[in-house]
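This report looks at a ligand, the residues that surround it and the cavity in which the surrounding space is enclosed. The structure is shown first, and the description follows.

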Amino acid sequence: MIDPRCISRLNEAEEKEGPVIYWMSRDQRVQHNRALLFARMKATALHQPLIVVFTLATSFIGATFRQYHFMLEGLRETENLLGELNIGFVLLQCSPEMGGPGMELARYASSAGAGCVVTDYSPLRISQQWKREAAALLKAPFYEVDAHNIVPCLAASGKQEYAARTFRPKINRLLGEFLLSQPPIEAMPQAPELPPVNWTEVIGNLSVDRTVAPVTWLKPGERAAEEHLNLFIKNKLAGYADLRNNPTADATSLLSTYLHFGQLSAGQVALEVQSSQAPEESKAAFLEELIVRRELSDNYCAYQKRYDAYEGVPGWAHTSLEKHALDPRDAIYTPLEFETAATHDRLWNAAQKELLNTGKIHGYMRMYWAKKILEWSPSPREAFETALWLNDRYALDGRDPNGYAGVAWSIGGLHDRPWFERPVYGKIRYMNASGCQRKFDVERYIARQETV
Ligand code: FAD
Ligand code: FO1
């Protein structure tokens, strides 16, 4: 049922009697979740109960209350949906003093006498570190299942890809074998005896920065994600090819937060888009972003160790940016001036205000937003760090391979090619306000951010 190319063994322990644990992290959903499906199969084969465990880290790559609130409200629903299927849910509150999520998971697995542990795949360093810690301690077999990518990241390519054009054929060759509908998760015969999570206490105990408020325009959780997807397919997909780069057209899916937290399956999105009545051109344009662009980001983070650093950008870009690192800048802003949207550029300030107020920036403006940080920072390295810091602090969909690849594309030419050389940018693709003016009504976009 689960293609073995989606599964990696993280230790060599022998299977034994005991409950099956799914250590949920990246894919926070019940349906269309290969990792949960695999754990369910193990529980049936071993005639054991199934328990989902979520280890809540006290801090996560600069995440604030805005992101934790969205995630925890989604997990609250996940606990209910699992309960309806007689699948247990345990939330472990982890602190560095206690050794972190990997240690906590291993401790829980040992106390529960786990017979098998399954987790979901992520290329991010923090996630890999947690799993190394757990693998060193677990006495039960430990499996990792890629439930996030349609084509499993490690099967799509064995190396860092140069660009979408080199990656696309590898994805397309395998898509038919992996873009398949998945059977629903069946209920277990009986539920393990577990106390419900005290969500009020969990949310109250969070020691994260609460100055970045939760958003209200997007409802968290697996059910809201499905509704949102259905509305996008019904009302917006048809216009996607023509309107997706127009930030005043409200023409994109706004699914990235659901996909980031795994509250929605990319495979499910792709299947429903493919079977819709929308024009082929819009389906193709959307699937290119959802499948090729998104899974190319995992490829980058899986094979470029420095994915979240200026050093990780392609050599040609690094050389060119260094050559222009001392060029005079038209303007120079501190991270705080960027954060408070206090530049001379009304259009850039509007994009930053969109980020501050709504936790998102329209995809087209996001490129302009990052490139101007390159243009008005004292050095390309500082620009890279400022863009990532703001993106991961304020964006709902931040702390994601797409963000690392997005910043590296904008500032470091990742997955792009050299362009006509110019001051400060070197050979990095240039964008300016008049280019935006030609594409959409800039004044309308600026006005909208004032009213948010
Ligand atoms: P749609 O246009 O509806 O696309 C559907 C899905 O395809 C998206 O949800 C997303 O999962 C994927 N996708 C779309 N564009 C891209 C892209 N360029 N690269 C990779 N996947 C893509 N995306 C994030 O998920 N998190 C981030 O932190 C993030 N940071 C970015 C930073 C910069 C500087 C740039 C240039 C891009 C960044 N992106 C990020 C990629 C992209 O901007 C967003 O995924 C997209 O705007 C989300 O809006 P949407 O869901 O309406 O996208
Ligand atoms: N995953 C976890 O397993 N535990 C956490 O405490 C946790 C916090 C968190 C905060 C913000 C955010 O954007 C994601 C968070 N994640 C957490 C999930 C996260 O998406 C993935 O586990 C990693 O990104 C690995 O890809």
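## Polar contacts of ligand 2

In this predicted model, an oxygen atom of ligand 2 is 2.6 Å from an N or O atom in the side chain of R399. An oxygen atom of the ligand is likewise 2.6 Å from a side-chain N or O atom of S25, while for the side chain of R26 the corresponding distance from a ligand oxygen is 3.5 Å. Taken alone, ligand 2 exposes 520 Å², of which the protein buries 99%.

## The shell around the ligand

There are 18 residues around ligand 2, and those that come nearest are S25, A57, S122, H260 and R399. By class, the shell is made up of nine nonpolar, seven polar and two charged residues.

Strand β3 gives the most to this shell, with four residues.

## The enclosing cavity

The structure holds three cavities of 30 Å³ or more, and the largest of them has a volume of about 370 Å³. Ligand 2 sits in this largest cavity. The elements that give two or more residues to the shell around ligand 2 are β3 (50–57) and α4 (125–137).

The lining of the largest cavity comprises 22 residues, and S25, Q28, F60, M71 and H260 lie nearest its centre. Two or more lining residues come from each of β3, α2 (65–83) and α4, with β3 supplying the largest share, four residues. Sorted by class, this lining has 12 nonpolar, seven polar and three charged residues.

Notes:
Residues numbered from 1 in each chain as written. Chains lettered and ligands numbered in written order. Predicted model: local features only at pLDDT ≥ 70, side-chain atom pairs only at ≥ 80, totals over all residues. Heavy atoms only, no water. Near = heavy atom within 4 Å. Polar contact = N/O pair within 3.5 Å; in protein donor to acceptor, adjacent residues only side chain to side chain. Areas by Shrake-Rupley, 256 points an atom, 1.4 Å probe, with all protein chains shown as cover. 1 Å grid on protein atoms, 1.4 Å probe; cavity = no way out; pocket = protein on both sides within 12 Å on 5 of 7 lines; lining within 4 Å. Sits in = over half its atoms within 2 Å of the grid points. Nonpolar A, V, L, I, M, F, W, Y, C, P; charged D, E, K, R; others polar. Points joined across faces, edges and corners; volume = space filled by probe spheres on them.
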